[in-house]
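This report describes one helix, its surroundings and its packing against a neighbouring helix. The sequence and structure are shown below.

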Amino acid sequence: MKLATKLTTAIAVAVIGATPLAMAGGALASSSPSHANSASTNAKRYGKVCAAENALQTHTAGQNGTPFSKCVTAMAQLANGTTTSPAKACATESKKAVAGQKGTPYSDCVAAGAKVLASKH
């Protein structure tokens, strides 16, 4: 039951992070069904790009969010132009290695951010 709750929370964070993308098209565009589908598609794309952190959906004491939710939020910031630097977008990620994982949450997030920026151009 906890995994389903965490997955729902991660998806909600991804959708909330993609909300500025939906609002960027104006009031008329945000009410169209095709635009709503693109916001959902973007949220799914961010989730796939952040798949390296998908296994890290457990909360750490003293921190807000999971590494996966932080990564999805950072990808939304990069995609909507809030920031243009993956390093700045991923600054809230932990730089400590996680046992059994390759790289750190920060390095995974920065790599994912580079992919989002490359696909944007």
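A polar contact is a pair of N or O atoms within 3.5 Å; within protein, one must be able to donate a hydrogen and the other to accept it, and residues adjacent in sequence count only if both atoms are side-chain atoms. Such a pair links the backbone nitrogen of T66 to a polar side-chain atom of S69, at 2.9 Å. The model is predicted, so local features need pLDDT of at least 70 and side-chain atom pairs pLDDT 80 or more, while totals for chains, interfaces and linings use all residues. Residues are numbered from 1 along each chain as its sequence is written, and side-chain values use heavy atoms, without hydrogens and water.

S69 belongs to helix α4; helices are DSSP runs (H or I, at least four residues) numbered from the N terminus. S69 counts as buried because its relative accessibility is 10%, buried meaning under 20% relative accessible area with a 1.4 Å probe and protein chains only. In α4, 11 of the 14 residues are buried, among them F68, K70 and V72. Just after α4, G81 has a positive phi of about 90°.

α4 packs against helix α6 as follows, with axes fitted to C-alpha atoms over the stretch in contact and angles running from 0 to 180 degrees between N-to-C directions.

| Packing of α4 and α6 | Value |
|---|---|
| Angle | about 30° |
| Axis separation | 9 Å |

α4 is therefore roughly parallel to α6, a term for angles under 35 degrees. Contact (heavy atoms within 4.5 Å) involves residues including C71 and L78 of α4 and C109 and V116 of α6.

Notes
Buried means under 20% relative accessible area, exposed over 50%, partly exposed in between (1.4 Å probe, protein chains only). Helices (H or I, at least four residues) and strands (E, at least two) are DSSP runs, numbered from the N terminus. Angles under 35 degrees count as roughly parallel, over 145 as roughly antiparallel, 65 to 115 as roughly perpendicular and the rest as oblique.
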